[in-house]
Amino acid sequence: MAEIEPALELYRDRLGLPAVHREVVQEQGVEAALLDVGEGHIELLAPLGSDTPVGGFLSKNGPGMHHVAYQVADVDATLQELREAGFALIDERPRSGIRGSRVAFLHPRGTDGVLTEIVQPATHAEAAR
């Protein structure tokens with residue numbers, strides 16, 4: 001099973017990106033770490049098991065980029081717009097993400113082979129819970 005420490009050593013220790021958050025997201029079967037890059041983030045993922053989506057991806061493809069994520073103000077509205085525009089959705093409804101966010105994924109077949117995530121960050125009140 002993949003570990004997150006080697007990736008943290010590269011991005012945090014060698015490249016000097018500040019690690020700002022780390023947590024286990026059981027619902028998605030991953031350990032996640034966020035590192036700041038300007039106004040955005042790099043999210044490092046390590047599967048909790050080989051039978052998780054990220055574990056399966058790594059078994060098939062090896063380490064590297066897994067997906068891109070875009071911040072949205074309203075994940076429900078954006079998901080509806082994408083559905084109406086004919087995008088293939090992995091998630092019909094949002095699920096829980098890192099730091100209390102709400103997320104949904106689009107299937108890579110509709111986005112030139114790139115797994116795409118839309119993310120609605122938690123409000124400060126939601127994140128404090």
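In what sense do β6 and β7 pair, and over how many bridges? They pair in the antiparallel sense, over five bridges. The close-ups below start from this pairing and work outwards. All of them show a predicted model, in which local features need pLDDT of at least 70 and side-chain atom pairs count only at pLDDT 80 or more, while totals for chains, interfaces and linings use all residues. Residues are numbered from 1 along each chain as its sequence is written, and side-chain values use heavy atoms, with hydrogens and water left out.

**View 1. The four-stranded open sheet has the order β4-β7-β6-β5.** Its pairing is mixed. At the edges are β4 (68–71) and β5 (95–96), each of which pairs on one side only. Strands here are DSSP runs of E with at least two residues, helices are runs of H or I with at least four, and both are numbered from the N terminus. Two strands pair if DSSP finds at least two bridges between them. β4 runs parallel to strand β7 (residues 116–120), with four bridges joining them; here A69 has E117 as its bridge partner. On the other edge, β5 and β6 are antiparallel and share two bridges, with S96 partnered by R102. These two strands form a hairpin with five residues between them, and R99 in the turn has a positive phi of about 55°.

**View 2. Strand β6 (residues 102–106) is largely enclosed by the rest of the structure, because four of its five residues are buried.** Buried means under 20% relative accessible area, exposed means over 50%, and partly exposed lies in between (1.4 Å probe, protein chains only). What stands opposite R102 in β7? It is Q120. R102 itself is partly exposed, with a relative accessible area of 31%.

**View 3. E117 in strand β7 is buried yet has no salt bridge.** A salt bridge is a side-chain nitrogen of Lys or Arg within 4 Å of a carboxyl oxygen of Asp or Glu. For charge, Lys and Arg count as positive and Asp and Glu as negative, with His and the chain ends not counted. By that reckoning, the nearest side chain of opposite charge to E117 is R95, 7.2 Å away. E117 does have a polar contact between its side chain and that of H67, at 2.8 Å. (A polar contact is a pair of N or O atoms within 3.5 Å; within protein, one must be able to donate a hydrogen and the other to accept it, and residues adjacent in sequence count only if both atoms are side-chain atoms.) Leaving aside residues up to four places away in sequence, E117 touches several others, including E43, Y70, V103 and F105; contact means heavy atoms within 4.5 Å.

**View 4. Helix α3 turns its buried residues towards β6 and β7, packing against both strands.** Which residues of α3 are buried? They are V75, T78, L79 and L82. Seen down the axis of α3, these residues fall within an arc of 100°, so they line one face of the helix; the arc is that of the directions from the helix axis to the C-beta atoms. The face turned away from the buried side carries the exposed residues E81 and E84. At the start of α3, a side-chain oxygen of D74 comes to within 3.0 Å of the backbone nitrogen of D76. After the helix comes G86, with a positive phi near 90°.

**View 5. A salt bridge joins R102 to D76, with the closest N and O atoms 2.8 Å apart.** This pair links distant parts of the chain, since R102 lies in strand β6 and D76 in helix α3 (residues 75–84), 26 residues apart. D76 counts as partly exposed, at 38% relative accessibility. The count of salt bridges comes to six. Among them is E92 with R83, at 3.2 Å between the closest N and O atoms. E92 is partly exposed at 49% relative accessible area, and R83 is partly exposed at 29%.

**View 6. Strand β1 (residues 19–25) and strand β2 (residues 30–37) run antiparallel, joined by six bridges.** Here E23 stands opposite A32. Four residues lie between the strands of this hairpin, where G29 takes a positive phi near 70°. A network of salt bridges links E5, R22 and E31.
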